Amino acid sequence: MNTKTKLSIGITFLFILIICMGGASIYFIRVLARDTGNIIKDNLLSLDYVQDMQKDINLLTQDFVLHQVSKNGVNTNAMFDFESKLKAEQGNITETGEKEAVDSLTVNYKSYVDTLTNLSHANINSKSALKMTEKISGNLISIYALNNKAILRKNQLASHSASNAIFYISLIGTIFFLVAFVFILNFPGYIADPIRNLSNKIRAIADGDFSQRLEIDPRGDEFGLVANSFNYLARKLQEYKESNIAEITTQKTRIESIVNSLDEGIILMDENNKIIAVNPLATELLGMTSENLIGNTSASISEKNDLFKKLASNSESLEKENIPLRITYNNLENYFQKYIHPIFHFNEWKQQTSPAGYLIVLKNITEFKRLDIAKTNFMATLSHELKTPLSSINLSLKLIQDERIGKLSTEQTQIIENIRVESSRLLKYVNELLDLSQIETGNIKLNVAQNNPFAIINQSLEAMKPVFDQKNIHIEATIPENLPLINADSEKTVWVMTNLFTNATKFSQEGASIYVSAVNKKDMVQFRVRDEGPGIEPQFHDKIFERFVQIYGADNHGGTGLGLAIAKDFIVAQGGTIWVESALGEGSTFIFELPVA
């Protein structure tokens, strides 16, 4: 049976219910009309006949009593009307006992008529005539009583029929309503359930469960054909899956071998933070077996293992500062860098990407760390060793320039001045290397105290005054008098300001202006240094704060590329932030903030 036939049967069934309900209503209405009509047709006519005959007999008797018969004869109109009503009543006998009463009436009436006709020949007085009239009236009363009683009885019967009609119509209507309601509830499901079942099975197939099958309807409708096709498809997919299990197993074993042989710790977690894979190196670093790790959530493992707690943590500071983890491995201190790679799954059915977990990678950077430490120590030693002779050179140059030792010629003075400038520049580089070594080894010392922002800016401007005068730089300062004190190392902060002023001077034309300002930003004081130089492209805004980075090259302005990197480390170490706002051709504004005291 196809779907179209099912729908036709369902609609026909509802139509039949409507017809049956209408037929039952018509039947009971006709029964009620029949019982009511019987009252009017039979008994009411008899009552009318009796009333008319009573009038006629009263009229005849009245004439007799007043002696109208002898003068004018019998009232033939009243007699004719009585006889016609009597004849009609004889044809309208419906009740038990009514025939006997009508026969008695007929006999009494005949005697009455004979009496009136022979009145002039008989010695009958009015009393005899009145007595016969009473008999006729008695017959009429009997007939009236029988029909009146019948009317009452049939009225009750009609009321009973009406009650029965209401009851049966209500009962049939309720039954039909319940049947129709049950039908309406179940029939759509009868049509839609196979479709819903098919949709669920298809989703299961899409999720990889190829064991799904649809039950085939033996009636052979369209859904049966679809079920056959679906089962065939699922069977073929399952066969394909089973045929590739060996190949998939081989690939899985190969991938596991590759992962297990890596010198990096690998921890794979699903979207519910449950560990689903871990390689041997990771288990050794954690000091736990794979059986104790796989299948457990990160929360439960973190309660038992502090190292895993650090690994599973998504601490922004850890990611931002890129701090290596020191882990004891093979009885030696090793350094590992943590990387977290989110994993996403594309659902082709829903056409959307959803998180599928993440991969934690522990990369062994011990050798790089050792080389970095060796480099830092070498730079610190070299810088320290270079600083002493450079300081001696500067002192010797000052002595040579002293006229008490001897007067120098103009050419000699110029040469010595050039040597002094270069040695000062070299000493500046050595100092920067020393500062960088302190930062990398964690030996940076901060003397944080409450300082006045105005004093820090003023001290920096005083230190840079000779440099400003040399290029005829104009300083525009905007510093409110009511700035709050800040928690800062005044020496390190002055160094940062001086470095920013130096860079601004480098990249400014002669006679240009440099703008410096400070403003209170809630719990921070913001310092700004703006120049009128060539500006910096947006892609380099973060890169210039890295070590040994020079955007414009040494050929143009020289330098080691360490100044901004050291400045950033100084500001961050004091709990502040530093950044640049710039566009090519519009100058640059370097901004840093330090906390209010």
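Helix α15 bends by about 55 degrees at M464, and within four residues there follows a proline, P466. That is the picture in this predicted model, and α15 is a good place to start looking around. The helix covers residues 453-470, and its 18 residues, at 1.5 Å a residue, should span 26 Å. The C-alpha atoms at its two ends do lie 26 Å apart, so the expected and computed values agree.

Several residues of α15 are tucked away from the surface: P453, I456, I457, S460, L461, M464 and F468 are buried. Some of the spacing in that list makes sense once the helix geometry is recalled. An α-helix has 3.6 residues a turn, so residues three or four places apart point the same way. And what do the buried residues of α15 pack against? Their partners are the strands β6 (449-451), β7 (474-478), β8 (486-488), β9 (513-521) and β10 (524-530), along with helix α16 (490-506). M464, then, is both the site of the bend and one of the buried residues.

The two ends of α15 are worth a quick look too. At its start, a side-chain oxygen of N452 comes to within 2.9 Å of the backbone nitrogen of F454. After the helix comes N472, which has a positive phi, near 55 degrees.

Next up is α16, one of the elements that α15 packs against. Its 17 residues should span 24 Å at 1.5 Å a residue, and with its end C-alpha atoms 24 Å apart, the numbers agree. This helix is mostly covered, with 12 of its 17 residues buried. Among them are V494, V496, M497, L500 and F501, but also K492, T493 and N499. The cover over these buried residues includes α15, β8, β9 and β10, plus α17 (563-573) and β12 (588-595). At the start of α16, a side-chain oxygen of D489 reaches to within 3.0 Å of the backbone nitrogen of E491.

K492 turns up again in a different role: its charged end sits over the ring of F570, 5.6 Å from the ring centre. A second case involves R530, whose charged end sits over the ring of Y515 at 4.1 Å from the centre.

Rings also pair up with other rings, and the model has 7 aromatic pairs. One of these is F82 with Y109, which are stacked, with 4.2 Å from centre to centre and 25 degrees between the planes. The pair links distant parts of the chain, since F82 belongs to helix α3 (residues 76-90) and Y109 to helix α4 (residues 98-117), 27 residues apart. Are these two rings buried or exposed? F82 is buried, at a relative accessible area of 0%, and Y109 is buried as well, at 5%. F167 and Y168 make an edge-to-face pair, because their planes stand at 70 degrees, with the centres 5.2 Å apart. Here F167 is partly exposed at 48% relative accessibility, and Y168 is partly exposed at 37%.

Finally, there is N279, which lies in the loop between β2 (275-278) and α8 (280-286). Although it is a loop residue, N279 counts as buried, with 0% relative accessibility. Its side chain reaches the backbone nitrogen of I266 at 2.9 Å. Leaving aside residues up to four places away in sequence, N279 touches V259, N260, L262, E264, G265 and I266. I266 is thus both a polar partner and one of the residues that N279 touches.

Notes:
Residues numbered from 1 in each chain as written. Predicted model: local features only at pLDDT ≥ 70, side-chain atom pairs only at ≥ 80, totals over all residues. Heavy atoms only, no water. Phe/Tyr/Trp six-rings, centres within 6.5 Å; stacked < 30°, edge-to-face > 60°. Buried < 20%, exposed > 50% of the residue type's maximum accessible area, 1.4 Å probe, protein only. Lys NZ or Arg CZ within 6 Å of the ring centre and 35° of its normal. Expected span 1.5 Å × (residues − 1). Bend = angle between axes of the 7 residues up to and from the residue. Contact = heavy atoms within 4.5 Å. Polar contact = N/O pair within 3.5 Å; in protein donor to acceptor, adjacent residues only side chain to side chain.
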